[in-house]
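Here is a short briefing on a protein and its ligand. Take a look at the structure, then read the points by topic.

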Amino acid sequence: MSLEKPASERKSRSRLERKLTVLKLGGSVITVKENPKTPNIQAIQRLANEIIRAKIRNLIVVHGGGSFGHPLADQYSIKEGFKKKTQIEGFSLTHQAMLELNKLVVDAFIRQGIPAFAISPSSCIITEAGRIKIFYNSPLAKLLAMGCVPVLFGDAILDTEIGFTILSGDQLVSALATRFNADKIVLGVDVDGLYPRDPKTGSSKGLIEQITLRKLKNMMVDIGRAKTVDVTGGMLGKISELIPAITCDVQALIVNASKQDNVYKALKGETVVGTLIRKK
Ligand code: ADP
């Protein structure tokens, strides 16, 4: 009698045991947000170096659009859906701008020795009213099994209800973490983590170092009532998108990726300034 488990069982066990990290590199970190289509090459190279030094296996990277995707998406109202023919040009241009930024990121990764492989979300995902509906993730799974680092991005995407829209990198991160059984999400942004109010417009006091899902949900209710907390813009979107992944027991760590070695430390599991969000 063989003690070996059937192939199907072995496969699902190893998938469960494998630790996976999903790393998001914010558009405000890897681009200069004020200047259209301006990459922050220094930051991209530094982050590539931090990733290779961390020597972690099983990593998916997602990056934001910053000054590449956002201005065009706004100009042509891509997120709002297909309403007039003139938007089609903008749909192409937004995707193309994201491909340009993705190429810079993947080139920098490969130069540092990271086995990066670009994946266009619009080629494997379709949304329904802005939410991921169809996700053909077999190529991604195969790439991971091969030891590659898939690199995806927020993208202009086809939508079953509204024709097209924008799939945010943050929604993508959460969906990837849930579907691929990640144990950790690292969100690299340009502030030190989550605060009671936007540190860029108000006080940067009171960094929330740890928060549970229950407290985070209460915080969202408070935001809705415009009470004691003020989480806006990109951070509000990130937090709302993270909730489904955290519900599935994925830990999320928000760190300042503009500061040297924070991403390295977060990937390695070393102590780092930031906000840790856990289910309990
Ligand atoms: P990225 O484009 O890099 O993914 P965003 O710029 O969309 O990130 O979101 C991060 C921004 O959210 C921060 O730079 C910060 O100014 C803003 N923000 C708003 N409210 C808060 C808050 N309560 N705590 C931390 N950041 C906040």
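A residue counts as near a molecule if one of its heavy atoms lies within 4 Å of it. The model is predicted. By that cut-off, 20 residues surround the ligand. The space that the ligand takes is the largest pocket.

**The shell around the ligand**

- The closest residues to the ligand are S28, D190, Y195, D198 and K238.
- By class, eight residues of the shell are charged, six are polar and six are nonpolar.
- Two elements, α2 (27-30) and α10 (233-247), give two or more residues to the shell around the ligand.
- Helix α10 provides the largest share of the shell, with three residues.

**Polar contacts and burial**

- S28 places a polar side-chain atom 2.4 Å from an oxygen atom of the ligand.
- K238 does likewise: a polar side-chain atom of K238 lies 2.5 Å from an oxygen atom of the ligand.
- G27 uses its backbone, where a polar atom is 3.4 Å from an oxygen atom of the ligand.
- The ligand taken alone exposes 580 Å², and the protein buries 91% of that area.

**The β7–β8 hairpin**

- Strand β7 covers residues 155-159, and strand β8 covers residues 163-167.
- The two strands form a hairpin, with three residues between them.
- β7 and β8 pair in the antiparallel sense, over five bridges.
- Which residue in β8 is the bridge partner of L158? The partner is F164.

**Strand β12 and its partners**

- Strand β12 spans residues 275-278 and runs parallel to strand β10, residues 210-212.
- Three bridges join β10 to β12.
- Q210 has L276 in β12 as its bridge partner.
- Strand β11 (residues 251-256) also pairs with β12, here in the antiparallel sense and over three bridges.
- L253 has L276 in β12 as its bridge partner.
- L276 is thus a bridge partner of both Q210 and L253.

**To take away**

- For the ligand site, begin with S28 and K238, which are among the closest residues. Each has a polar side-chain atom by a ligand oxygen, at 2.4 Å for S28 and at 2.5 Å for K238.
- For the strands, begin with β12, which pairs in the parallel sense with β10 and in the antiparallel sense with β11.

Technical notes
Residues numbered from 1 in each chain as written. Predicted model: local features only at pLDDT ≥ 70, side-chain atom pairs only at ≥ 80, totals over all residues. Heavy atoms only, no water. Pairing = 2+ DSSP bridges. Helix = DSSP H or I, 4+ residues; strand = E, 2+ residues; numbered from the N terminus. Polar contact = N/O pair within 3.5 Å; in protein donor to acceptor, adjacent residues only side chain to side chain. Areas by Shrake-Rupley, 256 points an atom, 1.4 Å probe, with all protein chains shown as cover. 1 Å grid on protein atoms, 1.4 Å probe; cavity = no way out; pocket = protein on both sides within 12 Å on 5 of 7 lines; lining within 4 Å. Sits in = over half its atoms within 2 Å of the grid points. Nonpolar A, V, L, I, M, F, W, Y, C, P; charged D, E, K, R; others polar.
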